[in-house]
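I'm opening a fresh notebook page for this structure. My plan is to look things up one at a time and jot down what I find.

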Amino acid sequence: MSPWLIMLIIFASVLFLTLIISLVCYCLVFFRGAEIDFNRPIEFKLSEYRNDKDRMKKAFEWFDNQPFENLEMKVGKLKLHALYLKTEGANKTAIFFHGYRGSARNEFSPMIPFYQKLGYNICLVSQRAHGKSRGKLITFGIREKNDCLKWVDFINKKFKPLEILLVGVSMGASTVLMASNKVQSNVKYIIADCGYACPDEQVKYLINVLHLPLYPTIWFVKFWLFVFTGIRFSDYKIPEMLKKTKVPILFIHGKKDKMVPYYNTLMNYDEKPDKKEILLINDAPHAGSYIYATSEYEQKVEEFLEKYKK
């Protein structure tokens, strides 16, 4: 057998193996999976930011006893789900968007009473391919941003609130940021907690988490994404989108975030032309700002809402 033929066989084998590995990686990163249940003791142990277990368990117990109304709407063929909690005397609504493989219960239970005190009805969205919402693919805010706009329209038609506040954590933050330049006029504020600046960079992080070589894996993962969905990650740069956003935004991030480094929020904040505030929490890891610095978080949110009140 000639050396050239041997080299060709080796090259073809490596290419085939890379394609298979990248396809598996694509499925692991983008396909629907089990959400983390922080109510389980082992999940508390594994999670770096749930530093107050008793407080979280009480928040879960409170959450589980609330008279939520189930909301459903369709986006194309997908049926999406949300929970709605009426606040007595409220004529405003806060719509919450959770993060990647997360849930509203796990990420928002402790802070819901705070937003109720601010006079908001509560809408907790289950993002596509999460919870009771249908769908197989998670697209890191790209398709989810359109779901966000649909939820705003749905809430406006069903409940007719005077104003809407959008709150997102992690992928949820990036979701609302990507939707921010197209929202309806009664969306008066956005709070974006630990969002990333580019879905592309976040997928690179997840490939590292899976202990796979970044290159050429990322190239082939993006290849499979385009083949199956037509999505090009390079087309979605959140800082660029924010240049056209008129809605006031409060950016929040923990400086010890190992999942989405806080420079992502700095990039997003810098490109927003005006009507912006930022809160960085020194000791908070990913999605932990409210738990780690509750008083500071609440004070900043109240100041932000008061400053940009119309």
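**Ground rules.** Before I look at strands, I need the pairing rule: two strands pair if DSSP finds at least two bridges between them. Helices (H or I, at least four residues) and strands (E, at least two) are DSSP runs, numbered from the N terminus. I'm working with a predicted model, where local features need pLDDT of at least 70, side-chain atom pairs count only at pLDDT 80 or more, and totals for chains, interfaces and linings use all residues. Residues are numbered from 1 along each chain as its sequence is written, and side-chain values use heavy atoms, with hydrogens and water left out.

**Entry 1: strand β3.** I started with the partners of β3. It runs parallel to strand β4 (residues 120–126), and six bridges join the two. Looking for a single pair, I found K92 opposite Y120 in β4. On to strand β5 (residues 163–169): six bridges join it to β3, again in parallel. There, F96 has V167 as its bridge partner.

Next I asked how covered β3 is. I use three classes: buried means under 20% relative accessible area, exposed over 50%, and partly exposed in between (1.4 Å probe, protein chains only). Six of the six residues of β3 are buried. In a regular strand the side chains alternate between the two faces of the sheet. Here K92, A94 and F96 point one way, T93, I95 and F97 point the other way, and all are buried.

**Entry 2: H98.** I then stepped into the loop between β3 (92–97) and α4 (104–108), where H98 sits. Is H98 buried or exposed? I noted it as buried, because its relative accessible area is 1%. For contacts I count heavy atoms within 4.5 Å. Leaving aside neighbours within four places in sequence, H98 touches residues including F108, V125, H130, V169 and M171. A polar atom of the H98 side chain also lies 3.5 Å from the backbone oxygen of G102.

**Entry 3: salt bridges.** My rule here is a side-chain nitrogen of Lys or Arg within 4 Å of a carboxyl oxygen of Asp or Glu. How many salt bridges does a search of the whole structure find? I get 14.

I looked up E69 and K158, whose closest N and O atoms are 4.0 Å apart. The pair links distant parts of the chain, with E69 in strand β1 (residues 69–75) and K158 in helix α6 (residues 144–159), 89 residues apart. Both ends are partly exposed: E69 has a relative accessible area of 34%, and K158 has 45%.

K243 and E271 form another bridge, 3.6 Å from N to O. K243 lies in the loop between α10 (238–242) and β7 (249–254) and E271 in helix α11 (residues 263–271), so the pair ties together parts that are 28 residues apart in sequence. I also found E240 linked with K243 and E271 in a network of salt bridges. K243 is partly exposed at 38%, and E271 is partly exposed at 30%.

I added E306 and K309, whose side chains meet at 3.1 Å, N to O. E306 and K309 are both exposed.

**Entry 4: L280.** I found L280 in strand β8 (residues 276–281). I class L280 as partly exposed because its relative accessible area is 24%. Beyond neighbours within four places in sequence, L280 is in contact with H253, K255, Y262, L266 and E296. From L280 to E296 I read 16 residues in sequence and 9.9 Å in space, C-alpha to C-alpha.

**Entry 5: positive phi.** I went looking for odd backbone angles. A129, which is not a glycine, has a positive phi near 65°. A129 lies in the loop between β4 and α6 and counts as buried at 1% relative accessibility. K275 is not a glycine either, yet its phi is positive at about 50°. K275 is in the loop between α11 and β8, and it is partly exposed at 34%. I also noted H211, just after α8, with a positive phi of about 60°.

**Entry 6: helix α8.** Which residues of helix α8 (residues 199–209) are buried? My list has P199, D200, Q202, V203, K204, L206 and I207.

Definitions and conventions
A polar contact is a pair of N or O atoms within 3.5 Å; within protein, one must be able to donate a hydrogen and the other to accept it, and residues adjacent in sequence count only if both atoms are side-chain atoms.
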